[in-house]
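Let's take a walk through this protein together. Have a look at the chain first, and then we'll go from the overall layout down to individual side chains.

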Amino acid sequence: LFGFIAEEAHSSRFSSSVNKLFKESGTNAMVIPMNIRPDDIVFTLSQMRHSKLSGAIVATEYQEEAAGLVDTVSESAEEQGIVDLIWIENNQLSGDLIMPKALDRYAEDENFKDDIALRSLCHYFYDLITGEKDESK
């Protein structure tokens, strides 16, 4: 179970797009949209350590703040100063930056004529969770 943290998470197509990929492939995973106000992000992330979530995708508006709230960050996240994915393991928050990798893998995909960033992120996140590259697009 993963969260999608954004101020307007329910308005975004990210959760439904990734959940569709999971369902089509029979993957036992789900992303839940989490509408979080700016004044609640610190509390939300600190409480995630003890939640039933495996991690969360962090929307643009909270990526810089999230980088300062996680316990560890990947090299790419540290270099850019932002985190767009948080993994939760042993009550520790590990931040990563996956959008550049997602775009690198999928931006040239001929099936993605619109919403390239959203579709790339959805498919790359699916790849991370399932451990395989999604060929169904």
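Start with how the chain folds back on itself: among contacts between residues at least 6 apart in sequence, 56% join residues at least 24 apart. Keep in mind that what you're looking at is a predicted model. The protein chain has 6 helices and 6 strands, and if you trace them from the N terminus, the order reads β-α-β-α-β-α-β-α-β-β-α-α. Of the 137 residues in the chain, 41% are buried. As for the outside, the chain exposes about 7,700 Å², with carbon and sulfur atoms supplying 46% of that area.

Now zoom in on the beginning of the chain. Strand E1 covers residues 2-6, and 5 bridges join it to E2, with the two strands running parallel. To get from E1 to E2, the chain passes through H1, and this β-α-β crossover is right-handed. If you'd like a landmark in the pairing, find Ile5, which stands opposite Met34 in E2.

What does helix H1 contribute here? One of its residues is Ser15. Is Ser15 buried or exposed? Its relative accessibility is 5%, and buried means under 20%, so Ser15 counts as buried. Leaving aside residues up to four places away in sequence, Ser15 touches Phe4, Val31, Ile32 and Pro33.

Ile32 is worth a second look. This residue sits in strand E2, which spans residues 31-35. With a relative accessible area of 31%, Ile32 is partly exposed. Together with Leu1 and Met30, Ile32 makes a nonpolar surface patch of about 240 Å².

Next, the charged side chains. Side chains of opposite charge can pair when their charged atoms come close. How many salt bridges does the structure hold? There are 5 of them. One is back in helix H1, where Glu24 forms a salt bridge with Lys20, their closest N and O atoms being 3.9 Å apart. Both residues belong to that helix (residues 14-25) and sit 4 residues apart, about one turn of the helix. Glu24 is exposed, and Lys20 is too.

Another salt bridge links Asp40 with Arg37, and here the closest N and O atoms are 3.0 Å apart. Asp40 has 26% relative accessibility, so this residue counts as partly exposed: that label covers values between 20% and 50%.

Then there's the salt bridge in which the side chains of Arg49 and Asp71 meet, at 2.5 Å from N to O. Arg49 lies in the loop between helix H2 (41-48) and E3, while Asp71 lies in the loop between H3 and strand E4 (72-73), so the pair ties together parts that are 22 residues apart in sequence. Asp71 is partly exposed, with a relative accessible area of 35%. Salt bridges can also share partners, and in this way Arg37, Asp39 and Asp40 are joined into one network.

Our last stop is Thr60. Where does this residue lie? Look in the loop between strand E3 (55-58) and helix H3 (63-67). Thr60 has a relative accessible area of 64%; exposed means over 50%, so Thr60 is exposed. Along the sequence, Thr60 and Val83 are 23 residues apart, and in space the separation is 8.9 Å from C-alpha to C-alpha.

Key:
Residues are numbered from 1 along each chain as its sequence is written. This is a predicted model: local features need pLDDT of at least 70, side-chain atom pairs count only at pLDDT 80 or more; totals for chains, interfaces and linings use all residues. Side-chain values use heavy atoms; hydrogens and water are left out. Buried means under 20% relative accessible area, exposed over 50%, partly exposed in between (1.4 Å probe, protein chains only). A salt bridge is a side-chain nitrogen of Lys or Arg within 4 Å of a carboxyl oxygen of Asp or Glu. Patches are made of residues with over 30% relative accessible area and no salt bridge: like charges are joined within 9 Å, nonpolar side chains (Val, Leu, Ile, Met, Phe, Trp, Tyr) within 5 Å. Accessible areas come from the Shrake-Rupley method with a 1.4 Å probe; for residues, only the protein chains shown count as cover. Two strands pair if DSSP finds at least two bridges between them. A crossover is right-handed if, with the strands pointing away from the viewer, the path from the first strand over the helix to the second runs clockwise. Contact means heavy atoms within 4.5 Å.
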